[in-house]
Amino acid sequence: MNAPAPPLPIRAMIAPVTPLQQNCTIVWCAKTNKAAIIDPGGEVPKLMEALEKQGLTLEKIWITHGHLDHAGGTAALKALTGVPIEGPHPDDQFWIDDIGASGAKWGMPEAQSFTPDRWLKDGDRVSLGETEFEVIHCPGHTPGHVVFFHRQARFAQVGDVLFQGSIGRTDFPRGNYKDLIDAITGKLWPLGDDVQFVPGHGPMSTFGQERKTNPFVADDVLADP
């Protein structure tokens, strides 16, 4: 008889926000109920309500990249809670600086730029309660995009690097298609086919599923000369 699997050290819920339905993710340490909000693009009252319903205490704000739909509510959430902002990589500074102008353009006047309390780089670790996530720098969609990975839980929040059946756009300023493909195949695939990921938009998937079926980065697509 097999012993039961130990309980996972983290929990997660997805809270889509903004008209672009960006997958803001609330993750928390199962032992302490200390939570991080990943990519608070907007609708901060909705996110605070979700925290309260789950009985969570916000400890961190984590940002995958500086685009408006992912980071537009960061300044408001920081002002409300005072918790530290971690991420993205400093190469996304110019995107963060543009949030206010982008918000005005896209009908989100409450969106404001901010200064992270901690910029992140490849190989960093971020703590949450009694657990921690690994930081993986995955440029291409934006130059400073990072992914948050919990190795024991086999869980990643990948922002706009990878989607179910697609990949991030690279036609924005300082986007780079080759960098994106290299990041996905060189940094994400080695983490394991069993890793479940939350993308920036749309349904969850696994790295293994995308290696089989994704028309941009499936193994057989990339192997075709």
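What follows is a walk through the fold of this predicted model, from its overall build to a few local details. Residues are numbered from 1 along each chain as its sequence is written. Since this is a predicted model, local features need pLDDT of at least 70 and side-chain atom pairs count only at pLDDT 80 or more, while totals for chains, interfaces and linings use all residues, and side-chain values use heavy atoms, with hydrogens and water left out.

The chain has eight helices and 13 strands; these are DSSP runs numbered from the N terminus, with helices being H or I over at least four residues and strands being E over at least two. For 225 residues, a compact globule would have a radius of gyration near 17 Å, and the chain agrees, with 17 Å. That radius is taken over C-alpha atoms, and the globule rule is 2.2 Å times the number of residues to the power 0.38. Along the principal axes, the C-alpha atoms fill a box of roughly 50 × 50 × 30 Å. Of the 225 residues, 51% count as buried, where buried means under 20% relative accessible area, exposed means over 50%, and partly exposed is in between (1.4 Å probe, protein chains only). Contacts (heavy atoms within 4.5 Å) often span long stretches of sequence: among those between residues at least 6 apart, 60% join residues at least 24 apart.

Now for the inside. A nonpolar core here is a set of buried Ala, Val, Leu, Ile, Met, Phe, Trp, Tyr and Cys residues joined through side-chain atoms within 4.5 Å. The largest such core has 26 residues, and the members touching the most others are Ile 26, Ile 37, Leu 51, Ile 99 and Phe 114. At least two core residues come from each of strands S1 (10–17), S2 (22–29), S3 (34–38) and S4 (57–62), and likewise from each of helices H1 (44–54), H2 (68–71) and H3 (74–81). H1 gives the most, with four residues. Apart from this core lies another, of 20 residues, among them Ile 136, Leu 162, Ile 181 and Leu 191. Back in the largest core, Ile 99 has plenty of company: leaving aside residues up to four places away in sequence, Ile 99 touches Gly 66, Leu 68, Ala 71, Gly 72, Ala 111, Gln 112, Ser 113 and Phe 114.

Five strands make up an open sheet of mixed pairing, in the order S1-S2-S3-S4-S5; two strands pair if DSSP finds at least two bridges between them. S1 and S5 (85–86) stand at the edges with a single partner strand each, so one side of each has no neighbour in the sheet. S2 and S3 run antiparallel and are joined by four bridges. One detail links the sheet to the core: the bridge partner of Ile 26 in S3 is Ile 37. H3 packs on the sheet, touching S3, S4 and S5, and its direction makes about 145 degrees with that of S4. Here, axes are lines fitted to C-alpha atoms, for helices over the stretch in contact, and angles run from 0 to 180 degrees between N-to-C directions.

Then there are the aromatics. The whole structure holds six aromatic pairs, meaning rings of Phe, Tyr and Trp (its six-membered ring) with centres within 6.5 Å; planes under 30 degrees apart count as stacked, over 60 as edge-to-face and the rest as tilted. Trp 62 and Phe 133 form an edge-to-face pair, 5.1 Å centre to centre with 70 degrees between the planes. Trp 62 sits in S4 and Phe 133 in strand S7 (residues 131–137), so this pair ties together parts 71 residues apart in sequence. Trp 62 is buried at 0% relative accessible area, and Phe 133 is also at 0% and counts as buried. Trp 62 and Phe 148 form a stacked pair, 5.1 Å centre to centre with 15 degrees between the planes. That pair links Trp 62 in S4 to Phe 148 in strand S8 (residues 146–150), 86 residues apart. Phe 148 is buried too, at 0%. Ring pairs thus link Trp 62, Phe 133 and Phe 148 into a cluster.

A few backbone oddities round things off. Gly 87 and Pro 88 are joined by a cis peptide bond, with omega about 0 degrees; Pro 88 is in the loop between S5 and helix H4 (93–97). Glu 43, in the loop between S3 and H1, has a positive phi near 55 degrees despite not being glycine, and is partly exposed at 37% relative accessibility. Arg 174, another non-glycine residue with positive phi, has a value near 65 degrees and lies in the loop between strand S11 (166–167) and helix H6 (177–188).
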